[in-house]
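Colleague: Could you walk me through the inside of this protein? I'd like to hear about its empty spaces and its core.

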Amino acid sequence: MEANTTDDAASCEVLVVGAGPTGLLAAEELVRRGVTVRLIERSTERSTQSRALVVGARTLEVLDDLGLAEEAVRRGRILHRIDVHPGHDDVVPLELDGIDSPFPFALSLPQPEMVDLLESAAVKRGAVVEHGTELVACRQDADGVTAELRMPDGSGQQVRADWLIACDGAHSDVRRAAGVTADHRDLHRAFLLADVAADWDLPQDRLHPWLSGHGILVLLPLPETGCWRVIADIPAGGDAPEPDEDMLARLLAERTPLPHPEHAVSRVDWLSRFEVRESLAGHYRQGRILLAGDAAHTHSPVGGQGMNVGLQDAHNLAWKLALVTHGQAGARLLDSYEQERRPVADRVLHATARATKVATLHAPAARTLRHQVLRLISRADPVRHRLALGVTELFVDYEHSPQVDHDDHDHGSGAGRPGAGDLSPDAFVHDGTGFTTLRHCLRGSDHALLVLLGYEDDEETITDVTHAAQEAVGDFGVVLAVSRTLDRGDPGRSLLGDRHGACHRAFGASGPGLCLIRPDRFIAHRSRGWDMAGVRERLAALSR
């Protein structure tokens, strides 16, 4: 891909290629942070089919930061647990409602609904989705990217952007144009995907995987009552038969104890085939081109992680790119995007590959061993809890990132846990008008410095500390002071009441301390006491 630069090229700060969930969230966040964005999408119409369906708790927390979680939950169906069926009659439950999150569940929400939700939010922010606009060539230099577009009427247009985010899918043209290679692994597995209406006597607040001698079959409830997504492994390869309704009926009859499909399935709305090929890009950044979502990684559908990882990519990248675009941070900050997010995708890729292989075992001895392991897991609460964290993507931390202070994890700060690199916890506080949650106080903010006042009640001391905190943060964000001596907060002073200590306990704080929270809600710095030197150093590092 190459294009010639012209003096009359249109310009923007960021060109986002691909208006799927990842591209839409990136555009919405960038526009919200004052960045000029062009968002182009080759397709002229939205797809009504969806491979992606499950939204994890961590992704719901991201949507909550955008003010969209409540609407997402309204549109979707809450899933409280996973009922694994090693045989027709046995059940191994994996509870999700015990996880530490404001959203202790998974959500069934088809990708078209997610696209509609995010596009509406982006448009409200002022973004324009240019459907039918295709990137046909691009070239980057030290100062930006020149892209050649094909417009909906067939005419050509050049655009000059400071940065380009490739969200154009697994077969990304931008990735190839940037010269980024991807490690592709074929799992030699294929899956049937179908959306059906059926009268099955199954709880619709959970996933139902059956692991039989014939293979795996998963029933996942869709938001519409009585409708289900069916996922089942089928023969792979070019000579394998294409799935049809007869194959669907046979798989349901062979692998589940449900009533015969001829009597239970009233409608088949969609039927498709999916070959499992996993990939991971060698780099997420090549100069001024950045990869996100499926352009950077693709996964097996087992576990339902793909869309979630892409949305979290966009959330991680957008605030960093906004700081760089506004001149508040150096371009090296963008290197931390790959350093933080690529290991997450690599971990998910290996986990879903293992899960896919285990779920599709056919050898009798291997299936017997799998059944025994599942029975052991059903009795081991720590193991089940860890699996639940994996499903809901709450396992992510950035403790090895250059954008967090590492001495916190060596307990050098003495500040307690969670430490730098961990996700900031939530807690109830009083903001002066009533009880609310810390996450809502932080919603939409840039960096936030949480000043834990403990039982300090001297007005002069509190004033001096909060003033010093505001000077340390400067233009990077806001300061929130939390006091254990107050029933009520003081909104004029960004002072939150924590009389019952919920917030201090959530941060493991027995006394005064500081916690610098990044825009993506991960902790960048923690320290005991109110010395602002570490905060200033951490924020100064953004510009280096």
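**Cavities and cores**

Modeller: Happily! α8 supplies three residues to the lining of the largest cavity, the largest share; helices are DSSP runs (H or I, at least four residues), numbered from the N terminus. This is a predicted model, where local features need pLDDT of at least 70, side-chain atom pairs count only at pLDDT 80 or more, and totals for chains, interfaces and linings use all residues. Residues are numbered from 1 along each chain as its sequence is written, and side-chain values use heavy atoms, leaving out hydrogens and water.

Colleague: What volume does the largest cavity have?

Modeller: A cavity is a set of points on a 1 Å grid over the protein atoms alone where a 1.4 Å probe fits but cannot get out, and lining residues have an atom within 4 Å of a point. Points are joined across faces, edges and corners, and the volume is the space filled by probe spheres set on them. The lining includes Arg-58, His-315 and Asp-520. The volume is about 50 Å³.

Colleague: Which helix gives the most to the largest nonpolar core?

Modeller: Such a core joins buried (under 20% relative accessible area, 1.4 Å probe, protein chains only) Ala, Val, Leu, Ile, Met, Phe, Trp, Tyr and Cys residues through side-chain atoms within 4.5 Å. The largest one has 102 residues, and Ile-165 is among those with the most contacts inside it. With 11 residues, the top contributor to this core is α8.

Colleague: How many residues are in the other core, the one with Leu-53?

Modeller: That core lies apart from the largest one, and Ala-197 and Ile-216 are also among its members. Its residue count is 31.

Methods:
1 Å grid on protein atoms, 1.4 Å probe; cavity = no way out; pocket = protein on both sides within 12 Å on 5 of 7 lines; lining within 4 Å. Helix = DSSP H or I, 4+ residues; strand = E, 2+ residues; numbered from the N terminus. Buried < 20%, exposed > 50% of the residue type's maximum accessible area, 1.4 Å probe, protein only.
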